[in-house]
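Colleague: I'm new to this one and would like a close look at a single part of it. Could you take the sheet and walk me through it, then point me to a couple of residues elsewhere?

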Amino acid sequence: MAVIGVLAIVIGAVRATRHSLWIDEAATANFMQRSPKGLLSLLWHEGGMGPYYIATWFWVRLSASDWWLRMFSVVGGACTLIAVYWLARMLRNRLWSALAVTLVMIHPQFMANLTNARDYTWVMFGAVLSFILLFRYLETGRRSDLLSYAAVNGVTLALTVWVAPIVATQGIWFLVTRRDRAALRGVTLASLVSLIVVAPFLHALLTARSLDWIPRLTWKHFMDESSLFFGGAWWFWFVAVGNAALLALASVRRVANHPKSRFVLLSVSAIVTPVAVALASFVKRSYIARYMVQAMPLFVMGALAGFGGVLALVLGARQTRRRAGIAALAVVAVLSVIVFPYRGFGAYGPDQDLRGAARILQADQQPGDRYLFVAPWLGWLLGHYWQVPSEAVVTSLDGLASGTRVWLVVLNPVPGVVPANGGRVVSRHSLTNIEVSELLVD
């Protein structure tokens, strides 16, 4: 586990300098420069990520560099991989654990969020750790393990409310498998402790409007975000076939993974997550790939268990069927290796060159310049790299004297379109998903 953690930190340390912070990361960086009083105000109004903001606020007291800010997520990614190995080792064996860690580590969602200065690696860690503590409590029966399990659930719920489907599935599974008053008391106690832990963050979760930007759920949006969540077609078929095999084998009890097994709990918890988020989107727009990353390690482990069950079934068959089954599995394995998306490996994560835009504006600034941001909050985010003179910011070209130089900054620009009337374009600087244009007012 130590080797796994060090490997993840090394990979993250190398990738953490790859490009500028994107808009969500820049928001994190600006939030972390607040005073203690400002941090408390943030926790009261900003829904989700509360524990992450608290921990990161102390983290950046050592350094405010982009690299150091991202390294906190890298540590979360290392903890996630260690937890995946630990959980897989509890459930199966060392080889299966190594396979699980490898697949989680190279998954596009993990790679994209490993150096993303947001809370997503810590959300994955909290979800996996929750299962470790639940299974440990089942083995020991100690109240301390139950309280630890409940506390982890509370912190993870404070990070994201979308871990609730996993917690609810765990509680139902526990009640169904135990079916006694002790189980009911355990679930009740764990729920109360989790509620106490998450209580300080409930006001922000219930009142924040941070999801208003999400598009309404249409079939196209559902498919686009699902593709991002699963990591593309190859990963979709891997987790779909593997988890389907696990559930099918469990339903007929051909292997030890019957419906009450812990492997099936992982699979069902993973499946419930996107389904619950999609259904909730009809009430509150929520269906975004990165809001469901907590289910990704569970999907991977469920798929591995399913393929492992199929392999065990094949090896236990009679000679002729065994040979045919091994041949079929070998063909599937070879085809999987051939069609794996190697070209896209490592090219994960959003990229918006705020740093480059700030350099252009800072290098060419002159007295009398004005700055127009198509998205008003873009100037605030750009302030992480260069403080835009507040008195020089305008919302349109109306009323400006002829010949005034205006810098137009557009996020995700439409090629060939300048979203400002009344200005003549002098120069344009096209950066990664951001454009800076120099205009002269007519």
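Modeller: Here's a tour of the sheet, followed by two residues from other parts of the chain. Keep in mind that this is a predicted model.

Let's start with the layout. The sheet is an open one, built from five strands, and reading across you meet them in the order β2-β1-β3-β5-β4. The pairing is mixed. At the edges you'll find β2 (393–394) and β4 (423–431), each with a single partner strand, so one side of each has no neighbour in the sheet. In general, strands of a sheet pair through backbone hydrogen bonds, and they can do that parallel or antiparallel.

Now zoom in on the β2 end. Strand β1 covers residues 370–373 and pairs with β2 in the parallel sense, over two bridges. If you want a spot to look for, L372 sits opposite V394 in β2.

Next, the two residues elsewhere. M49 lies in the loop between α3 (36–45) and α4 (50–59). With a relative accessible area of 7%, M49 is buried, because anything under 20% counts as that. Setting aside residues up to four places away in sequence, M49 touches R118, D119, A158 and L159.

Then there's N153, which belongs to helix α9 (residues 143–159). N153 is buried too, at 3% relative accessibility. The side chains of N153 and S130 are joined by a polar contact of 2.7 Å. Beyond its neighbours within four places in sequence, N153 is in contact with S130, V167, Q170 and S194.

Note on methods. Residues numbered from 1 in each chain as written. Predicted model: local features only at pLDDT ≥ 70, side-chain atom pairs only at ≥ 80, totals over all residues. Heavy atoms only, no water. Pairing = 2+ DSSP bridges. Helix = DSSP H or I, 4+ residues; strand = E, 2+ residues; numbered from the N terminus. Buried < 20%, exposed > 50% of the residue type's maximum accessible area, 1.4 Å probe, protein only. Contact = heavy atoms within 4.5 Å. Polar contact = N/O pair within 3.5 Å; in protein donor to acceptor, adjacent residues only side chain to side chain.
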